[in-house]
Amino acid sequence: MFDIKENLKKLPTCPGVYMHKDSLGQVIYVGKAINLRNRVRQYFQTYGKSTPKLRALTGQIAEFEYITCASEMEAFILECNLIKKYQPKYNILLRDDKTYPYIMITTSEPYPRVLKTRKIRKDKNRYFGPYSDVGAVNNIIELFSNIYSLKRCKDLDFPEGFRPCLNYHIKDCKGICLGNVSREEYGNNIKEIIQFLSGKDKPMLDYLQNKMMEASDALDFENAAKYRDYISSLKSLEETQRVTIVNGSDFDIVLPVKVDGANYVSVFPVRKGRLSGRESFPIQSEAGDTEAVIVGEFIKQYYSRFANVPHEIIVAKEPAEKALLETFLSAQGHKVTITVPQRGEKRALLMLAIRDSSEMTKSLTERAAGRKEREATVRREIGMVVRAARAGDGAALDNIDEGFDDPTHPEPYRVESYDISNTAGVDSVGAMVVFSGLERVRKDYRRFKIKTIEGPNDYGSLQEVLYRRYKRALEGDPAFKIMPDIILIDGGQGQVNAAKKILDALGVDVPVAGMAKDDKHRTRAIVFSDGREISLKGHQVLFTYCGTVQEEVHRFAIDYHHQLHTKSSVHSVLDNIEGIGPKRRNELLAHFKTVDNISKASVEELEQAPGMNSKAAESVYSYFRKHGAGRKTE
């Protein structure tokens, strides 16, 4: 057993980091010290009883561990790394549970690529971000690729005779591997992209606005909508500038915000002298933590993982250990200062950010209240559905319109939903999505390739998926061990009875209900195995919730089906033809545009395609005449 008194005597007097642990051996607090012996002893003296937070902490310390360091700065860096590693309960924590994406330009390569990444490395590449809107990042990368025909492959060397990939044949690449693009021309395109990501977005926005109007005037509404979405994504990454500073400097404004007892920190990036956005991060902290401590801990954790730390960080009040923070951040490549401006343009911009934070507080408060109300309503109404599904055939429900709140079920209801997707029974797949209250639990999504059912048999496919999912749960598979409170099937009474048959056979006690649609494809009712229904007409929140669940499971199923179908269509039709390898396949697709056109072509027309000869043309022609010319493959 760990003897705290004895181990306090053994502590060294040098700088270092200490870790307090609870009775389970979990790290509950990480701290640094110039003198480890003096600092750690304080927790077991009057200091440890000075605040409610410290009393709670010291009451749980069962043992401690320490690591000695050569200097205070070394201890500072180690403390930062250990906090990120252990996420201790009593430390102030940056509470973002996801890694925001960056846009990476591989400037270390002769012909750089533009990619999305969630990790930054100390290499010769350029990183921009992080960005909170993943969809916008994907759209912008697609936009860059379309406008500039950027290189997409990983190859760096292109020896004589190098074969271009499919991107060249479908005109998504200009043929860098063939020497069709000079490094100077390509480099200028990359410079334009870097300028945009650095804040100079007006030329790109003007270009897209013109293209959207041209498409609209030509009644090409599909392309007009595409350009509209690109513009929306651009504005999401680079918000409209609100203030310009003459000297065009780069800095961040960091401000704490408190909303209904919860703490946030807002970061206002200023690039090239303009305030162009705002990111807000929830913070785990205690009531007694001061603004200076919260801001200091945030700066340490946030900027230690940031690709491009600005030269200056502006705050309303000096953070704790300001000098040490500046030294720590400056070690990453250039001098960084933390300042509280007292006058001038930066002071005016700080005051604007403070006013903006005040407005944001109101917005966050309203959104938090609205979300709590929606969560409570969804809980009551899903509770009503669970109760109805468990009530049994023919059972009546009282006060159905008021919902049902089960006090014995304190957590949000866990909902699983299933859908089947295929094309005339081909490439049939099943999808499972999971919701916990309003939240999607994406890590628990699962997809299934149907193995035992042939043809368009949705009932049989659904039963196979449920059998495989719950059989693995019963066998103790950790990937399937968590059981839902209810299964919502995308369908009506038939699908519900098919699902119940499998669950009953396995002895799985999980209620099932269906989400039935009307003639306009809108969710109209919750349906049970005996034909009972709960109309969604008077349940707007439940109607919206069910629609969200249906759209998500349908999207997840369709995405997987398209992956398999696209792969199998191209593979079965072209790659199985004797004499047609990857190069000829790509050249045929580039020449004829679709597999359907290839299947209808004559031998003479096939011979005209690049890379084809009479023998290969005859082989393709014979294959499609044997398997059906003009057969649709998509």
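Which residues are buried in H14? I opened the notebook with this one, working from a predicted model.

**Entry 1, helix H14.** I listed Gln495, Val496, Ala498, Ala499, Ile502, Leu503 and Leu506 as the buried residues of H14. I then checked how they are spread around the axis: their arc is only 165°, which puts them on the same side of H14. I noted the general background that an α-helix has 3.6 residues a turn, so residues three or four places apart point the same way.

I looked at the opposite face next. The exposed residues Lys501, Asp504 and Ala505 sit on the face of H14 turned away from its buried side.

I also asked what covers the buried residues of H14. The cover includes helix H13 (458-474) and three strands, namely E18 (486-489), E19 (512-517) and E20 (523-527).

**Entry 2, length of H14.** I compared the span of H14 with expectation. The helix takes in residues 493-506, and its 14 residues should span 20 Å at 1.5 Å a residue. I found the end C-alpha atoms 20 Å apart, so the two values agree. Just after H14, I recorded a positive phi of about 75° at glycine 507.

**Entry 3, a three-stranded sheet.** I moved to an open sheet whose strand order is E6-E5-E7, with antiparallel pairing. Its edge strands are E6 (114-117) and E7 (126-128), each of which pairs on one side only. The twist from one strand to the next averages 30°.

I looked up the pairing of E5 with E7. Strand E5 covers residues 102-105, and three bridges join E5 to E7 in an antiparallel arrangement. In register, I found isoleucine 105 opposite arginine 126 of E7.

**Entry 4, helices on the sheet.** Which strands does helix H5 touch? I found that H5 (residues 134-148) packs on the sheet and touches E5 and E6. The direction of H5 makes about 165° with that of E6. I also logged helix H7 (residues 183-197), which lies across E5, E6 and E7. Against E5, H7 runs at about 155°.

**Entry 5, the chain as a whole.** I closed with totals. The chain holds 19 helices and 21 strands. I noted that 44% of its 634 residues count as buried. Among contacts with a separation of 6 or more, 62% come from residues 24 or more positions apart. I put the accessible surface of the chain at about 33000 Å², with 49% of that area belonging to carbon and sulfur atoms.

Conventions. Residues are numbered from 1 along each chain as its sequence is written. This is a predicted model: local features need pLDDT of at least 70, side-chain atom pairs count only at pLDDT 80 or more; totals for chains, interfaces and linings use all residues. Side-chain values use heavy atoms; hydrogens and water are left out. Two strands pair if DSSP finds at least two bridges between them. Axes are lines fitted to C-alpha atoms, for helices over the stretch in contact, and angles run from 0 to 180 degrees between N-to-C directions. Contact means heavy atoms within 4.5 Å. The expected span of a helix is 1.5 Å times one less than its number of residues. Buried means under 20% relative accessible area, exposed over 50%, partly exposed in between (1.4 Å probe, protein chains only). The arc is that of the directions from the helix axis to the C-beta atoms. Accessible areas come from the Shrake-Rupley method with a 1.4 Å probe; for residues, only the protein chains shown count as cover.
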